[in-house]
Amino acid sequence: MNHGYLIDMDGVLYRGHELIPGADAFVRELQTRGIPFRLLTNNSQRTRRDIVAKVGRLGIDVEEEHIFTGAMATARFLAKQRPNGTAFVIGEGGLLTALHQNGYTIVDHEPHYVVVGEGRTFNLDLVEAAVRMISSGSKLIATNLDPNCPTQTGSRPGCGAMVAMLEIATGVKAFSVGKPSPVMMRAARKELNLSTDETTIIGDTMETDILGGVQLGFHTVLVLTGGTHREDLSGYAFRPELVVDSLVEVAHLLQRSSWRSLWLAPNDGAAELERNRPPSPNSAVLCG
Ligand SMILES: [Mg+2]
């Protein structure tokens, strides 16, 4: 059975500059077995090459083709909507590079789009310029609406926080491309060359990874190595199919089917595997 994985990075593979134990082995196993995967991030700051270097330092060796970012999704989306357009960008290298690679010109006058991503370049001069452009008809695009980004020392304002400022100042709602938007989720799935049934998203955030996966019809796995705790789940009207402590448990479940699939046919699938597992307070919970 074909199967492939969209794996969120922050909170799944690493936290800040620290590898989450087992993440390197999991990715290595997928590569060894030729199982398709993409590493996903809403963050538009870094280019694919930057990310390959970052995860490489942590012991996760992947190629640029394995990386799929909110910047890429946004640039590809805009190139389809309006080929060879112009953009005023509040963001950093990853977003600028992706836009250039997709035929876009970066301008500071009458752009087709004002595009907002993460970064440390945000200041009131840029906001003022962007507000004037949006009020004159430029369209407001958010790479994502994450309210904050986790850091090693806590969190910092995310793209969504910056976009909110522009929305309130102009009265215009942004169009967001990143997770959970189907624009990014579908584009990432197509990179795997798999159907929705064959695609599993693994993430640590209910509002993006799991919501997007549920809406697109992917299989969903929540890992508890990031921002979500098991007791948080009762606050949501939707739920992931599987909740695990970390990627180590996903590898363990896949091992039981000889890495054929996490989701085999009824009576032969993960539910059966779960029933066969010795009970443990830390064991994976299969929902539904
Ligand atoms: Mg995450």
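## A first look at helix α3 and its surroundings

Helix α3 has these buried residues: Gly-70, Ala-71, Met-72, Ala-73, Thr-74, Ala-75 and Leu-78. Buried here means that 20 or more other C-beta atoms, placed from the backbone, lie within 10 Å of a residue's own (12 or fewer is exposed, and in between is partly exposed). Helices (H or I, at least four residues) and strands (E, at least two) are DSSP runs numbered from the N terminus.

A word on the model: it is predicted, so local features need pLDDT of at least 70 and side-chain atom pairs count only at pLDDT 80 or more, while totals for chains, interfaces and linings use all residues. Residues are numbered from 1 along each chain as its sequence is written.

Back to the helix. The 12 residues of α3 should span 16 Å at 1.5 Å a residue (1.5 Å times one less than the number of residues), and its end C-alpha atoms are 16 Å apart, which agrees. Its buried residues pack against β4 (37-41), β5 (67-69), α4 (93-101), β8 (113-116), β9 (139-142) and α7 (182-192).

Next comes the largest nonpolar core, a set of buried Ala, Val, Leu, Ile, Met, Phe, Trp, Tyr and Cys residues joined through C-beta atoms within 7 Å. Of its 73 residues, Ile-7, Val-12, Leu-13, Ala-23, Val-114, Val-116 and Ile-141 touch the most other members. Helix α3 (residues 70-81) gives the largest share, five residues. Domain 1 (4-42 + 180-286) and domain 2 (77-176) both contribute to this core, so it lies between them. Those bounds come from an automatic or database domain assignment.

Leaving aside neighbours within four places in sequence, Val-116 is in contact (C-beta atoms, placed from the backbone, within 7 Å) with residues including Ile-90, Ala-142, Cys-159 and Leu-166.

The C-alpha centres of the two domains lie 30 Å apart, and 10 residues of domain 1 are in contact with eight residues of domain 2.

Now for the strands, which pair if DSSP finds at least two bridges between them. An open sheet of five strands runs β7-β6-β8-β9-β12 with parallel pairing. At its edges stand β7 (105-106) and β12 (175-176), each with a single partner strand, so one side of each has no neighbour in the sheet. Elsewhere, a hairpin joins β10 to β11 through two residues. Two pairings can be set side by side:

| Strand pair | Sense | Bridges |
|---|---|---|
| β10 (residues 148-151) and β11 (residues 154-157) | antiparallel | four bridges |
| β9 and β12 | parallel | two bridges |

Within these pairs, Cys-149 has Arg-156 of β11 as its bridge partner, and Ile-141 has Phe-175 of β12.

Note on methods: Two residues are in contact if their C-beta atoms, placed from the backbone, lie within 7 Å.
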